Amino acid sequence: MKMKSQVSCVDEDDGESLAYFWWKTAAKSDECAKLNKLDFPDVSILTPRLRLFRELERLAVIAPNGLNELRHKLIGYRSGDFWVPTGGINKEDMNIPPVNTILLVGFSGSGKSSLINLMYSILGRSGLIPFAQTSSGSRSNYTTMYMEEHNVLRSMRSGFCVFDSRGFDYGNTREALEELSSWMSEGIHHNQLCLRYGDCIPMSDDVENDVMRSSSKFVQRRVNCVMFVANIAEIYKALKAGDIKPLEATRQLFCSPALRKSNENPLLILTHGDLLMAEERIDGRLKICEYLDITETNGVYDIVCLTEYGFLVEDFDPVSAYALTEAVYRALLISDRGHFPKRKFQDWALLILLWIMRFMGLCFAVLADIFSKLGHKHKLKMQFKITSLSKDF
């Protein structure tokens, strides 16, 4: 189906339409004319700003009819369903976990927990029930202290889960990078405690409860895909004030090699865009994508998490609802593309032989160092004896 631009087809006085198409107030008349003249998606002749408008139009066109179809695919999804045969290996020979894991990471206050609630509302049809505690309302200082596994479909047969994690601090990216590398290499589990330098040490009465809550009996999950959640309003307002620190911290974490899966960057989810004017929201997304050296349209989603205010996003903003659903769908495509073949007997034998060779190499290195030191001592003793004899004569 050929996509037709709707930039100039909506009256700006139509409040209901503007709620769907917030970006139309930022589109200039010449930009609308250029988009309307394009009968095919020739993005090579478009500026980054026009490409962004075209991507937002794509979501708006597909959202009304595509949401239920895409949601149906996710409800029936089983881990490995999106795997495509490559390298001549059968699916039975691939190491596919029973559940694919999507990890949400970002800085404190970026909206990760609100995004979880939005997933429950759209994908799990939970209505207004908040499943994840957010920092809004009276508990503005709340932060997620434990890794939380969420079955956002609320299904016993769900083929994926989403993990909410503790937010990082803009001023301590080094600690954040170390923690991220640990999560990606060692895996994560439900109720895993995230203690950091400077945290208050729990009282002795709470230690037992903390140990039980963060019990390693929960299944350890290998992270298959990462969604990086960034507060576009906070970053843009800091840039306007001349503070590049939030954007630079975002770049350091987003571009970390540990987060790359299947040679792809993490998905970027921009939140709190409703706190900006339409022009600022467009400009902020372009600036962030340019600084991160990524395309402004592929793998980037602007999603407003409004469920915490008591509204069903799907009822008045199908574009946000579809964008979130497509982001989850894309994450599962990346997850199934990143599975590795199962280790066979030959692989284990080769791995054991490799470790034996490394151990032998280490032993020879230690022996060489010991004999080198002994030889040096013996040489010094001989020189001392020769010197003493020469003095006697």
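The following dialogue examines a predicted model of a protein.

Student: What secondary structure does the protein have, and how is the model read?
Tutor: Residues are numbered from 1 along each chain as its sequence is written. In this predicted model, local features need pLDDT of at least 70 and side-chain atom pairs pLDDT 80 or more, while totals for chains, interfaces and linings use all residues, and side-chain values use heavy atoms, without hydrogens and water. Helices (H or I, at least four residues) and strands (E, at least two) are DSSP runs, numbered from the N terminus. The protein has 12 helices and 8 strands.

Student: What percentage of the residues of the protein count as buried?
Tutor: Buried means under 20% relative accessible area, with a 1.4 Å probe and protein chains only. Of the 393 residues, the buried share is 44%.

Student: Is strand 5 largely enclosed or open?
Tutor: In a regular strand, side chains alternate between the two faces of the sheet. Within strand 5, Cys225, Met227, Val229 and Asn231 lie on one side, Val226, Phe228 and Ala230 on the other, and all are buried. Because 7 of the 7 residues at positions 225-231 are buried, strand 5 is largely enclosed by the rest of the structure.

Student: Which strand pairs with strand 5 through Leu267?
Tutor: Two strands pair if DSSP finds at least two bridges between them. Strand 2 (residues 100-106) runs parallel to strand 5 over 5 bridges, with Val105 partnered by Phe228. A further parallel pairing of strand 5, also with 5 bridges, involves residues 267-271. There Met227 stands opposite Leu267, which belongs to strand 6.

Student: Which residues does Thr173 touch, leaving out those up to four places away in sequence?
Tutor: Thr173 is part of helix 5 (residues 173-186). Its relative accessibility is 14%, so Thr173 counts as buried. With contact taken as heavy atoms within 4.5 Å, the residues touched are Ala249, Gln252 and Leu253.

Student: How are helix 3 and helix 11 oriented to each other?
Tutor: Axes are lines fitted to C-alpha atoms, for helices over the stretch in contact, and angles run from 0 to 180 degrees between N-to-C directions. The axes of helix 3 (residues 48-75) and helix 11 (residues 318-337) come within 8 Å and cross at roughly 50°. Angles under 35 degrees count as roughly parallel, over 145 as roughly antiparallel, 65 to 115 as roughly perpendicular and the rest as oblique. Helix 3 and helix 11 are therefore oblique.

Student: Which residues of helix 11 meet helix 3?
Tutor: On the helix 3 side, the participants include Arg58, Leu59, Ile62 and Leu74. Their counterparts in helix 11 are Pro318, Val319, Ala321, Tyr322, Ala323, Thr325, Glu326, Val328, Tyr329 and Leu332.

Key. Buried means under 20% relative accessible area, exposed over 50%, partly exposed in between (1.4 Å probe, protein chains only).
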